[in-house]
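Hi there,

Here is the structure I promised to pass on. Have a look at it first, and my notes follow just below.

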Amino acid sequence: MDIERLRKMDPAGWGTGLSVENARVCWAEAVEALEQVDREPVEGRAPRRVLLLASANVFTVPLPWMALLSLRGVALRVTAARGLGEATRAMAAAFEGVEVQEWRGGDGEALKRAVAGVDAVMAFGSGETMAALRRQLPEGLPLLSFGPRYSVGVSTLTEPLAVEDLARYDSRGCMSPVGWFTDNPDLDLLSLTMAEAQQKWPRGALSEAEQVAIRARLVLAKMVGKLRTGEGWAILQLPSRFFSPDALPRVLQIYPSETIGQLDPRRMSTLAGRGPLPAAPRHCRPGQMQRPAASRWHDGIDVLACLWGRPFEEWKP
Amino acid sequence: MSPKEAIARFISTGDGDFEALALALFDWQRRQNPMLEALVEREPEHWWQIPAVPVELFKDIDFACFDLKKPHTVFHTSGTTVGRPGRHHSLDTELYDLGAPIQLRRRISGLPRRIVSLCPPAGGHSSLGHMLALFGTVEGYFDAAGGVSSEVWSALQKPCFLATTAFALDALFGQAGHAILRPESLVMVTGGFKGRRVRLDAPELYREIGRRLGNPRVVGEYGMTELSSQLWTDPVPAGELPGAFVAPPWMRVYTVDPTTGAALSEGEVGQLRFVDLANYWSVLAIETMDIGRVEPDPQGDRVWLHGRLQGAEVRGCSLSVEELLGRFSETE
């Protein structure tokens, strides 16, 4: 792993969809996490080659897996998500044994080429996606499937660091907070922080669907809650029953603290907060949600142990 | 005369002014439902300035301008999308029941009374089933599991009005069978595929009608659970694709910029909004997830559908089905 080479890379031209400032911060933090990459030995029989099906939205997703597998001498094939071929190739060049395959999805032939010679497949996606993938994969080929999860934060007092968690990757990571649970939030303070974040790390381009979804959510807040907006951001304060597991770029959705009791920890990825927290696969302090360690664990599962042969259950909706 | 009576008269006879009726109805609705009042940023002076409610919010909120504890009708959206269904409440269906047959007869003549339906039945929560029951005697071949009963092929050996969703028609053509319907018969196709995988795409589905069902007339219907009025295309011969959907005079359509929600000029492609006077008990103005172009006409706005905005489900580090299957609308 050539960490210096990674450090010198500039994601500005990679077409990440983020603003240059945001992409650079996210990249620098993802590379920094590799300095503490998990090097512990794994019990079991190592696979020879693993396939990682990467998605388009979070450009650094392949990076820790490249490190974790490359360090253990396991070959990794990564499918480059649409628009991220250059980024994925650049990352791969810093590791031994990582190859990149251009990927546009499509017929079973594309997948057949991707899985040729691999011992296991890793993928993250919706239940429908995982089911479709399972149907297309050769029988018996292990699939480490990670279904949809969401992350939330909880705090007794108003938590300005929630804004950082929301700003990184424009809220598109599954570790980005889809909601923040707190009572009596200081909306003026949060508005100020959202505006500062927008200045420091401007929001990137949004799809039409995202903009339509944001507008719909703003209408909801006007009708049943409180709303603050500025250029590139919004804060919604909504009753618990309107909790949604869908993240919207730079939209901070605040619910009463009691909302946490309604959530199913099995659908949760990360829970941010200070002090004792309810069960979740990953806990962190506010401001660290989208800065995970380069760890072998994902959604509470020791991924490397599973790749090395530990039994696991495929995702079921 | 109450606003509802005035709207009923407008639907029946055309007497009245759409804009005046729309503004009066919105004024009444906002007084009955304070949530609608919260949407008013400036007083609407024209029908297209009436605040529109995004159709997605029917999943979150029970919109009603009456006490929901009273017995009433509720239509649900179909379960083809993830999560809770949308719910459309009406204290009564008088305006729906009045308008639907009038609009159908305005667009299509010589309708067979015998309806062979591949749509959900009336009496449940399906607005489509409710609508079909207004048009004639319905023989249902709907299979709740998503398939189509093979017995439908024998039902198609006599003149009929075949009412089907695009998805059910695709399933029908997946079976062996053939019919020779003549032009006095009519095939109504409604609904898109809502992301579900089908064997045939839309143009091929319409071509297959000519190959498998003979020579009936074919018509497209556009409706949704959250609306109480429907749009119909003009009939076309079997094998051809129907054209623009035409709204009834008591419904007006316009487009907005999906990114800002600002109204677009006439003829510009954008996100479709409907102002439906028959949506008396719920919400007058609805914003859909559909993209299209509108040619305004007080006798019936003409709407060309261009597709559907995909939901914002694609998120996080998740691979979407679209990515897996390579289904992207944008050019790369």
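Let me start with the second largest pocket, which holds about 840 Å³ of space. Please keep in mind that this is a predicted model.

The lining of that pocket is made up of 38 residues, and those nearest its centre are Lys222(A), Glu41(B), Thr260(B), Gly261(B) and Arg273(B). Four elements supply two or more residues each: from chain A, helix H9 (208-224), strand S8 (226-230) and strand S9 (233-237), and from chain B, strand S12 (251-256). H9(A) is the biggest contributor, giving 6 residues to the lining. As for character, the lining splits into 21 nonpolar, 8 polar and 9 charged residues.

Next, strand S4 of chain A, residues 120-124. How many of its residues are buried? The count is 5 of 5. Cover comes on both faces: Ala120(A), Met122(A) and Phe124(A) are buried on one side, and Val121(A) and Ala123(A) are buried on the other. S4(A) also has two strand partners to look at. With strand S1 of chain A (residues 49-53), it pairs in the parallel sense over 4 bridges, and Met122(A) is the bridge partner of Leu52(A) there. With strand S5 of chain A (residues 143-146), S4(A) again runs parallel, joined by 4 bridges. In that pairing Met122(A) has Leu144(A) as its bridge partner, so you can use Met122(A), a buried residue under the 20% cut-off, as a handy place to start when viewing the strands.

Two loop residues in chain A also caught my eye.

Ser19(A) sits in the loop between helix H1 (3-8) and helix H2 (20-34). Is Ser19(A) buried or exposed? Its relative accessible area is 10%, so Ser19(A) counts as buried. Its side chain reaches the backbone oxygen of Pro202(A) at 2.6 Å. Leaving out residues up to four places away in sequence, Ser19(A) touches Trp201(A), Pro202(A) and Gly204(A).

Pro286(A) belongs to the loop between strand S12 (282-284) and strand S13 (297-298) of chain A. With a relative accessibility of 4%, Pro286(A) is buried too. Which residues does Pro286(A) contact, once neighbours within four places in sequence are set aside? They are Glu159(A), Leu161(A), Asp165(A), Trp180(A), Ala272(A), Gly273(A) and Arg274(A). For a sense of scale, the C-alpha atoms of Pro286(A) and Ser126(A) are 26 Å from each other, with the two residues 160 apart along the chain.

Do write back with any thoughts once you have had a look.

Best wishes

Notes. Residues numbered from 1 in each chain as written. Chains lettered and ligands numbered in written order. Predicted model: local features only at pLDDT ≥ 70, side-chain atom pairs only at ≥ 80, totals over all residues. Heavy atoms only, no water. Buried < 20%, exposed > 50% of the residue type's maximum accessible area, 1.4 Å probe, protein only. Contact = heavy atoms within 4.5 Å. Polar contact = N/O pair within 3.5 Å; in protein donor to acceptor, adjacent residues only side chain to side chain. 1 Å grid on protein atoms, 1.4 Å probe; cavity = no way out; pocket = protein on both sides within 12 Å on 5 of 7 lines; lining within 4 Å. Points joined across faces, edges and corners; volume = space filled by probe spheres on them. Nonpolar A, V, L, I, M, F, W, Y, C, P; charged D, E, K, R; others polar. Pairing = 2+ DSSP bridges.
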